[in-house]
Amino acid sequence: MSTSPVLQINDLYASVEGKQILKGVNLTVRGGEVHAIMGPNGTGKSTLASALMGHPKYEVTGGTALLDGENLLELAVDERARQGLFLAMQYPSEVSGVSNANFMRIALNARLGEGHEMPVLKFHRELQKKMKALSMDPSFAERYLNEGFSGGEKKRNEILQMTVLKPRIAILDEIDSGLDIDALRIVAEGVNSLRGPEFGLLVITHYQRLLQYIVPDYVHVMMQGRIVRSGGRELALELEQRGYDWLKEELGIVDETVSAGV
């Protein structure tokens, strides 16, 4: 496996309940890079994240997605995670009966592989350090996974999982929604602590606000299930100032929505 990861998405098509959502997405994310995907509601941003991670609701109908040359589409969800792919979900699930600490320790050891598991005491020391950095109360380690957590606490917990697992490629699906300014800053610091040549990041967001804290190298606009414009951080600033109508008019797009909530 190469030191620097590469996620290659080539002409990816995906559907939900028979309706085509993604219509030829092309994107390459390398280690050391931060890519942001922006776009109006219902244009396929979250569908892209879920399809890459292997959510059973989303059927890939064409194209390829390779991580370090390995075809992700042929792997089960847990195999994609062990390969180094991570998704911070927009709406994290609650899991009763499984503590935060146990969930993350099992996930980390699965990621490290047999014979390389982290000793229990070392894991808990590292977990407490990372929780402190994210301003999380130590008691969260023993609480059931996301059970009774506020929206902001769930998002912070997703970032905690990411810092523990240290994936090769991470996808953050609207991690900024429901966060106040202080929480957003803390979450961004946790994300930025991983930046480096062995970590690539794909951020899905509606707002330029997040990108003030997690500064992207590349910004992409998604409409009608595909990427229609790419640029640098200045593109996000332009979208913040002008919205999307100017771009739709320029591209001749009449109705950019492919399916609400995707």
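Helices here are DSSP runs of H or I with at least four residues, numbered from the N terminus. With that in hand, note that this is a predicted model, and let's start at the end of one such run: just after H8, Gly243 takes a positive phi of about 75°.

Now back up into the helix itself. H8 spans residues 233-242, and Leu235, Ala236 and Leu239 are its buried residues. Look down the axis of H8 and these buried residues fall within an arc of 100°, so they line one face of the helix. The general rule behind this is handy: an α-helix has 3.6 residues a turn, so residues three or four places apart point the same way. Flip to the face of H8 turned away from the buried side and you'll find the exposed residues Glu234 and Gln241.

What sits over the buried residues of H8? The cover includes strands S3 (34-38), S11 (218-223) and S12 (226-231), along with helices H7 (208-211) and H9 (245-251).

Those three strands lead us to the sheet. It is an open one of 6 strands, ordered S6-S9-S10-S3-S11-S12, with mixed pairing. At its edges are S6 (85-88) and S12, each pairing on one side only. Neighbouring strands of the sheet are turned by 20° against each other on average, direction ignored.

Zoom in on the S12 edge: S11 and S12 run antiparallel and are joined by 5 bridges. Val221 stands opposite Arg229 in S12.

Over at S6, another helix comes in. H5 (residues 151-165) lies across S6 and strand S9 (169-173), and runs at about 165° to S6.

Note on methods:
Residues are numbered from 1 along each chain as its sequence is written. This is a predicted model: local features need pLDDT of at least 70, side-chain atom pairs count only at pLDDT 80 or more; totals for chains, interfaces and linings use all residues. Side-chain values use heavy atoms; hydrogens and water are left out. Buried means under 20% relative accessible area, exposed over 50%, partly exposed in between (1.4 Å probe, protein chains only). Helices (H or I, at least four residues) and strands (E, at least two) are DSSP runs, numbered from the N terminus. The arc is that of the directions from the helix axis to the C-beta atoms. Contact means heavy atoms within 4.5 Å. Two strands pair if DSSP finds at least two bridges between them. Axes are lines fitted to C-alpha atoms, for helices over the stretch in contact, and angles run from 0 to 180 degrees between N-to-C directions.
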